[in-house]
Each structure stands twice: as C-alpha cells, then as structure tokens.
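Subject: Structure for your review

Dear colleague,

Please find below the sequence and the structure that I am handing over to you. My findings follow directly after them.

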Amino acid sequence: MQSVDSEILILGAGPAGLSAALAAARCGKSVIILDDNPRPGGQIWRDGPQVSLPRHARRLRQAVAEHPHITLLSGAR
C-alpha cells in the first residue's frame, strides 16, 4: 500500500474530476486524483484501438499530466 499526502483528494478521473483537479491545482493546492481505470477519462472518454478522443479530452489529460501539483493514481482502488 502506498501512502501519499495532499490537500484535496478527487475520486474519479472523468471530465469533471480532471477539471476540478486543474482548478484546485491552479489555486496552489496539492491534488490527488484516484481512479480505478487504467487511463483518465471516466466512462465518457475511454481508450481503445479504434477510439479517437476529442481534442478537449486530449488537452485536459495533458494539462493534468504536466501539472506539478497533481498526482494521478490510475488503476487504484
């Protein structure tokens, strides 16, 4: 089991969770996103060999991945 600290914990890496994490992190908060899927996107933005993600989804994922105050824990329960 891994132990991490943050000021804000977000459950779910769907569009709302990713957006909330960015908003909080831009205010200087340390954020952890906990999601059970292997990649962020929730039920609406699933990955797969024949899936083309919308531009907004790709931008949101990239912004979260690059933000120094956001930790994404995928495949976690």
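In this predicted model, β1 and β2 run parallel and are joined by four bridges. Within this pairing, I8 has V31 of β2 as its bridge partner.

The two strands belong to an open sheet of three strands, whose order is β1-β2-β3 and whose pairing is parallel. β1 (8-11) and β3 (70-73) are the edge strands, each of them pairing on one side only. On average, neighbouring strands of the sheet are turned by 20 degrees against each other, with direction ignored. In general terms, the strands of a sheet pair through backbone hydrogen bonds, and they may do so in a parallel or an antiparallel manner.

The helix α1 packs on this sheet, where it touches β1, β2 and β3. The direction of α1 makes about 170 degrees with that of β2.

I turn next to the interior. The largest nonpolar core has 15 residues, and those that touch the most other members are L18, A21, V31, I33, V64 and I70. Two or more residues are given to this core by each of the elements α1 (15-26), β2 (31-34) and α2 (55-66). The largest share comes from α1, which provides five residues.

One residue of this core, L18, may serve as a starting point for your own inspection. Apart from its neighbours within four places in sequence, L18 is in contact with A13, I33, P40, G41, L60 and V64. Of these contacts, I33 and V64 are also listed among the core residues that touch the most other members.

Yours faithfully

Conventions
Residues are numbered from 1 along each chain as its sequence is written. This is a predicted model: local features need pLDDT of at least 70, side-chain atom pairs count only at pLDDT 80 or more; totals for chains, interfaces and linings use all residues. Side-chain values use heavy atoms; hydrogens and water are left out. A nonpolar core is a set of buried Ala, Val, Leu, Ile, Met, Phe, Trp, Tyr and Cys residues joined through side-chain atoms within 4.5 Å. Buried means under 20% relative accessible area, exposed over 50%, partly exposed in between (1.4 Å probe, protein chains only). Contact means heavy atoms within 4.5 Å. Two strands pair if DSSP finds at least two bridges between them. Axes are lines fitted to C-alpha atoms, for helices over the stretch in contact, and angles run from 0 to 180 degrees between N-to-C directions.
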